[in-house]
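Visitor: Please show me the model, and then let me ask how its descriptions are justified.

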Amino acid sequence: MSQVYDRVALIGLGLIASSMFWAIKRAGLAGEVTGYARSEATRDTARRIGLCDRVCDTAQEAVEGADLVVLCVPVGAMEAVAQDIAPFLKPGTTVSDVGSVKRHVIQTVSPHIPDGVHFIPAHPLAGTEHSGPESGFAELFDNRWCLLVPVEGSDQGAITQLRTLWEGLGSNVDEMDADHHDLVLAVTSHAPHLIAYTMVGVADDLRRVTDSEVIKYSAAGFRDFTRIAASDPTMWRDVFLSNKDATLEILGRFTEELFALQRAIRTGDGEHLFDYFTRTRAIRRGIIDAGQDTDAPDFGRGKGAS
Ligand SMILES: NC(=O)c1ccc[n+]([C@@H]2O[C@H](COP(=O)([O-])OP(=O)(O)OC[C@H]3O[C@@H](n4cnc5c(N)ncnc54)[C@H](O)[C@@H]3O)[C@@H](O)[C@H]2O)c1
Ligand SMILES: O=C(O)C(=O)C[C@]1(C(=O)O)C=C[C@@H](O)C=C1
């Protein structure tokens, strides 16, 4: 693929920014990539590992002359960063972000975007439990969705250009309205993370995790929870505080279902449990058949597998 932007600036050099950088380089999508991180230690690490063509000591220096600026900081830090860089953006620049919540980012960042600058929020649905400048890798976005959430009146040419970048990073791209995005992600990502945090917290409360009994004898289910629960605390604090309504709505429904299952166990209602688990199994198989779980092992996918 050929170059999509002359100059890209990445603000916040963690998992997502570093993965974007390596994927941009893999496909030659930008002439120059500048980077800025708030902490000197992160900037030093970035320089040491060759992350970004130029690591800058100020956000101003990083965004000056950039055609695309991507905010890759926790959702709660987006507004402050937007405010800092706004005076230094050239007309015609596109500002985007990768935040896990969209309505809040639009509400807090939009007021700082100068006239003549395009703001096109985005969210790559790809990540790991690791964070920081050394955690990124070029393949992170391969065959994953990236959702673009254009605000009213967004420039079509700027949207198409950003779409081309994300396709070049390996993603499938779709567009979505911000409120719908936040509700969908509350179901597919935010509530599941909270449930994983809770489950691991419960195990810890039983004082067995650090004694290693829970770890030693943990089955795959619990181990998957611990992977998710190892995710960055700042990022996830911000996600829940900024996607409050949708997350609380989904957790309300979750609690109702949990009570129904609890009741079925107490009353010995095996039919309820069996029917419920049959329904959820069909959902999992639907995901695999649609080719959306690239991490899933291949066994059990053949016709007739039970
Ligand atoms: N980790 C995931 O799985 C994932 C997936 C998709 C989207 N996201 C979103 O991407 C964004 C970045 O997440 P990440 O996983 O790369 O996080 P990360 O913790 O790996 O990196 C965030 C970086 O931002 C820096 N930072 C924090 N506050 C800052 C500020 N005020 N000014 C400048 N830099 C600041 C941190 O020092 C760090 O280098 C978040 O908004 C998150 O919601 C994360
Ligand atoms: O795979 C993981 O570790 C993730 O949690 C990635 C994940 C997700 O929930 O799928 C987490 C947050 C994002 O905003 C997008 C992706």
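Visitor: What makes strand 1 and strand 4 a pair?

Guide: This is a predicted model, in which local features need pLDDT of at least 70 and side-chain atom pairs count only at pLDDT 80 or more, while totals for chains, interfaces and linings use all residues. Residues are numbered from 1 along each chain as its sequence is written, and chains are lettered from A and ligands numbered from 1 in the order in which they are written. Strands are DSSP runs of E with at least two residues, numbered from the N terminus, and two of them pair if DSSP finds at least two bridges between them. Four bridges join strand 1 (residues 5-11) to strand 4 (residues 68-71), and the two run parallel, so the pairing condition is met. Within this pair, Val8 stands opposite Leu68.

Visitor: Why do strand 3 and strand 6 count as edges of the sheet?

Guide: The open sheet has six strands in the order 3-2-1-4-5-6, with parallel pairing. Strand 3 (54-56) and strand 6 (118-119) each have a single partner strand, so one side of each is without a neighbour in the sheet.

Visitor: How do you know that ligand 1 lies between domain 1 and domain 2?

Guide: Domain 1 (5-176) and domain 2 (180-268), whose bounds come from an automatic or database domain assignment, both give residues to the shell around ligand 1, so the ligand lies between them. A residue is near a molecule if its C-beta atom, placed from the backbone, lies within 6 Å of it; of the 28 residues around ligand 1, Gly12, Gly14, Ser100, Gly127 and Ser131 come nearest.
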